[in-house]
Amino acid sequence: MKVTVVGAGAVGASCAEYIAMKNFASEVVLLDIKEGYAEGKAMDLMQTASLNGFDTKITGSTSDYSKTANSDICVITSGIPRKPGMTREELIGINAGIVKSVSASLVEHSPNTILIVVSNPMDTMTYLVHKTTDLPKHRIIGMGGALDSARFKYRLAEALEAPISDVDGMVIGGHSDKGMVPLTSHATRNSIKVSEFLSEERLEQVAADTKVGGATLTKLLGTSAWYAPGAAVSGLVQAIACDQKKIYPCSTLLDGEYGLSDLCIGVPVILGRNGIEKIVDVPLSDAEKAHMAESAEGVQKTNGLLEF
């Protein structure tokens, strides 16, 4: 199992670290345009192997895509991160060109790969990859919902004063501050609906805090977060590599599902060795349906800024 991560910055390096520590891949290739940067990160990570007990080989490369050849899974984290006050949508001009070039180079050397897109604005970047590569749609996956859901569960556990292992919840919709749709109607604490424990007002606050989860961290850190995004990506990679058939909310190209077509947006999917193996239809409340429609409208508006 060979995994390539393009972009050796904080998110990419964190992703590579988590994949290596889980010890399911034989090789992880880190690639970056900055001379020596990926090589340095790879060497630093490899020097933790004996300390952290993994045998995954991590190699780094400066812009040499031949080193990524025959990768089973490729992760695209490259592009500029958010700065305080920036929206994900404001990154589109620079990141679209980067993602288009990177995805073409990856597919050239690994035509059978599965692509996971992390670069922002993620739903639009995932759509761009669909429109500019010949990969089938089940092999193009946008990572946003897994991260947003982790942040949702963190906020739920905080409100419930419960261990996070007791809590389950999911966020669908667009990966943006306004586009996220936290499914509070489906959230549970050990199979009991959270509405049994929390007031409607408190649940609304949990949802609101979830939506600005990334912006909150960007304000505190001065840049985008990396631990949780890296862990979220590694979860998707493991689900595919190990054929786990796990359900994650991922951005995928819809063709009538959830009443939407010709856009990529976060919905629950089953992930296995073939990538997206099934889109899962979850019943939504009227409010959730309305929020999903609003989210899709926002994603389509951002898609309209693309130049293929």
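**Pocket lining, annotated site and selected residues**

Helix H4 contributes the most to the lining of the largest pocket, with 5 residues. The structure analysed here is a predicted model. In this model, the largest pocket holds about 830 Å³ of space and has a lining of 41 residues. Nearest to the centre of the pocket are Thr 77, Ser 78, Gly 79, Ile 80 and Pro 81. The elements that supply two or more residues to this lining are helix H1 (10-22), strand S2 (27-32), helix H4 (92-109), helix H6 (145-160) and helix H8 (213-221). By residue class, the lining comprises 19 nonpolar, 17 polar and 5 charged residues. Because domain 1 (2-143) and domain 2 (145-304) both give residues to the lining, the largest pocket lies between them.

The UniProt record, an unreviewed entry, carries annotations for a domain and for a site. The annotation "domain: Lactate/malate dehydrogenase C-terminal" in this unreviewed entry covers residues 147-298. Across residues 147-298, helix accounts for 41% of the chain and strand for 26%. The C-alpha atoms at the two ends of this stretch are 20 Å apart. The feature "active site" is placed by UniProt, again in an unreviewed entry, at His 175. In the model, His 175 is situated in the loop that runs between strand S8 (171-173) and strand S9 (180-182). The relative accessible area of His 175 is 7%, and the residue therefore counts as buried, the limit being under 20%.

Aromatic contacts were also examined. A pair of aromatic rings is described by the distance of the centres and the angle of the planes. A search of the whole structure returns 1 aromatic pair, formed by Trp 226 and Tyr 227. The ring centres of Trp 226 and Tyr 227 are 5.5 Å apart, and their planes make an angle of 50 degrees, an arrangement classed as tilted. The two partners fall into separate accessibility classes: Trp 226, at 25% relative accessibility, is partly exposed, whereas Tyr 227, with a relative accessible area of 56%, is exposed.

Individual residues in helices and loops were then considered together with their separations from other parts of the chain. Leu 220 is located in helix H8, one of the elements that give two or more residues to the lining of the largest pocket. With a relative accessibility of 69%, Leu 220 is exposed. Although Leu 220 and Pro 84 are 136 residues apart along the chain, a distance of 8.4 Å separates their C-alpha atoms. Asn 112 occupies the loop between H4 and strand S5 (114-117) and is likewise exposed, at 64% relative accessibility. For Asn 112 and Ser 71, a sequence separation of 41 residues corresponds to a C-alpha distance of 8.0 Å.

Arg 202 belongs to helix H7 (residues 200-211). At 30% relative accessibility, Arg 202 is classed as partly exposed, because this value falls between the limits of 20% for buried and 50% for exposed. From Arg 202 to Leu 306, the separation is 104 residues in sequence and 38 Å in space, C-alpha to C-alpha.

Key. Residues numbered from 1 in each chain as written. Predicted model: local features only at pLDDT ≥ 70, side-chain atom pairs only at ≥ 80, totals over all residues. Heavy atoms only, no water. UniProt positions renumbered as here; feature names shortened; annotations may be inferred. Helix = DSSP H or I, 4+ residues; strand = E, 2+ residues; numbered from the N terminus. Buried < 20%, exposed > 50% of the residue type's maximum accessible area, 1.4 Å probe, protein only. 1 Å grid on protein atoms, 1.4 Å probe; cavity = no way out; pocket = protein on both sides within 12 Å on 5 of 7 lines; lining within 4 Å. Points joined across faces, edges and corners; volume = space filled by probe spheres on them. Nonpolar A, V, L, I, M, F, W, Y, C, P; charged D, E, K, R; others polar. Domains from an automatic or database assignment. Phe/Tyr/Trp six-rings, centres within 6.5 Å; stacked < 30°, edge-to-face > 60°.
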